[in-house]
Amino acid sequence: MKTSFWLTRVLLEQSYIVENERVTGTKTKSCHVKIEEGKIAEIIDADVPLDTELATYDGSNLLMLPSFVDGHIHLDKTYYGDAWQAVKPISSIFDRIEEEKVLLPRILPQSQQQAEGIMTLIQGLGTTHVRTHCNIEHVSGLHRLEATKRALAAFANKMSSEIVAFPQHGLLHSDSVGLVREAMREGATHVGGLDPRSVDGDIERSLQTMFEIAIEANAGIDMHLHEGGEYAKHTLLRLADLTEEAGLIGRVTVSHAFWFAGAEASEAELMADRFSELGISIASTVPIGRTHMPLPMLDSKGVRVSLGTDSLTDHWSPFGNGDMLEKAGRFAELYHYNDERKLSQSLRYITGGITPLDPNGNQVWPRVGDDADFVLVQASCSAEAVARRSPRQSVWYRGNKVSDGSR
């Protein structure tokens with residue numbers, strides 16, 4: 001595609017419609033958007049005659065939204081593209097670890113191909129950035145990292161990415177410390193961890209080791225924490241202390257963080273305040289059922305919340321479909337975000353915090369100078385797109401159309 005061109009006739013949100021001091025709708029306007037070297041260069045009303053020698057591409061009055069971020073996905077181990085398989089019942093995470101010791105070598109040969117298949121799928125649904133967790137343990141060595149890196153390289157001009165070196169079998173439990181260190185040298189961007197007490201058996205040593213590796217590699221941390229109760233509370237408090245001591249402010253994520261779901265409200269709010277102070281973020285799949293995460297509370301306290309796919313048709317879960325707009329819609333349903341403002345603001349959980357309108361209805365995206373990463377959607381506004389999981393017509397990354405969407 002041309003490095004400079006006009007995208008004509010796209011709907012951009014302008015403000016909220018307010019009646020009797022209540023938001024009742026969203027005002028949009030048809031615009032022409034100039035794309036130059038992967039950036040938004042100019043925005044003009046569509047009723048202004050366009051006198052240009054540049055190429056033009058008709059947006060057909062589709063809604064322009066910021067493209068999506070998958071904050072937690074596992075690309076390296078999946079059944080995607082293979083025969084259907086449901087999950088085998090287990091009694092503990094250690095049963096699943098034993099299953100992986102047999103399964104992972106068997107599925108390794110197709111890991112790159114399946115990862116590329118997943119990225120093609122999620123890109124068509126609007127995603128242009130992924131944070132993928134990649135198994136690092138002695139069964140896989142660094143082979144899954146290598147396969148993941150090759151798959152991501154094939155999409156280097158189509159989406160951006162981060163890789164978490166994830167010791168799925170336990171950083172200490174599987175003696176994977178050396179492998180995680182090596183993975184960081186070989187291109188992983190974040191140090192992973194898993195349930196420091198129930199899997200690793202030593203909260204302090206597990207956390208200290210994660211932070212040591214992160215400091216050595218000048219990297220962030222993204223730790224899975226499925227545990228609840230007092231031990232999980234202690235884990236999170238120590239994680240916060242170590243984040244402050246190590247100077248990793250804004251560089252630590254807790255994935256899942258199910259302790260918040262079972263904690264007393266006052267305790268959860270105090271922990272959220274501490275996380276907000278240190279820039280510790282939460283990545284969630286918006287679980288349904290017995291685990292009801294207080295995600296709105298975390299957000300209200302200033303904790304950055306991102307949503308992710310997690311598993312996509314694998315031995316951990318058969319349910320993931322890779323659709324981040326579906327995740328935003330599930331969030332809105334679960335937490336009763338059913339009015340225009342709340343629905344439209346729900347979009348930020350899947351865009352890295354970007355929304356066309358801020359909570360007060362001021363237009364904040366797109367602006368001249370922004371990266372031209374966006375999706376054209378068959379919807380009248382963000383609220384409708386979230387509520388209806390509207391079809392995506394095309395997906396753009398750095399000014400290039402990278403997918404014809406899900407339609």
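In strand E8, His-190 is the bridge partner of Val-164. This is a predicted model. Two bridges join E7 to E8 (residues 190-194), and the two strands run parallel. E7, helix H4 (residues 177-185) and E8 form a β-α-β unit that is right-handed.

E7 also pairs with E6. The sense is parallel, over seven bridges. Ile-163 in E7 stands opposite Thr-132. From E6 the chain crosses through helix H3 (residues 143-154) to E7, in a right-handed β-α-β crossover. Strand E7 (residues 160-166) is largely enclosed by the rest of the structure, because five of its seven residues are buried.

Two pockets follow.

| Pocket | Volume | Nonpolar lining | Polar lining | Charged lining |
|---|---|---|---|---|
| Largest | About 940 Å³ | nine residues | 14 residues | seven residues |
| Second largest | About 510 Å³ | nine residues | twelve residues | seven residues |

The largest pocket holds about 940 Å³ of space. It is lined by 30 residues, and the closest to its centre are Thr-285, Pro-287, Asp-310, Trp-316 and Ser-317. Helix H10 (residues 324-334) gives the most to this lining, with three residues.

The second largest pocket has 28 lining residues. Nearest its centre lie Arg-131, Thr-253, Ser-281, Arg-304 and Ser-306. Strands supply part of this lining: E5 (68-73), E6 (127-135), E10 (252-256), E11 (281-284) and E12 (305-307) each give at least two residues. E11 has the largest share, three residues. E6 thus appears twice here: it supplies residues of this lining, and it pairs with E7.

Technical notes
Residues numbered from 1 in each chain as written. Predicted model: local features only at pLDDT ≥ 70, side-chain atom pairs only at ≥ 80, totals over all residues. Heavy atoms only, no water. 1 Å grid on protein atoms, 1.4 Å probe; cavity = no way out; pocket = protein on both sides within 12 Å on 5 of 7 lines; lining within 4 Å. Points joined across faces, edges and corners; volume = space filled by probe spheres on them. Helix = DSSP H or I, 4+ residues; strand = E, 2+ residues; numbered from the N terminus. Nonpolar A, V, L, I, M, F, W, Y, C, P; charged D, E, K, R; others polar. Buried < 20%, exposed > 50% of the residue type's maximum accessible area, 1.4 Å probe, protein only. Pairing = 2+ DSSP bridges. Right-handed = clockwise from strand over helix to strand, strands pointing away.
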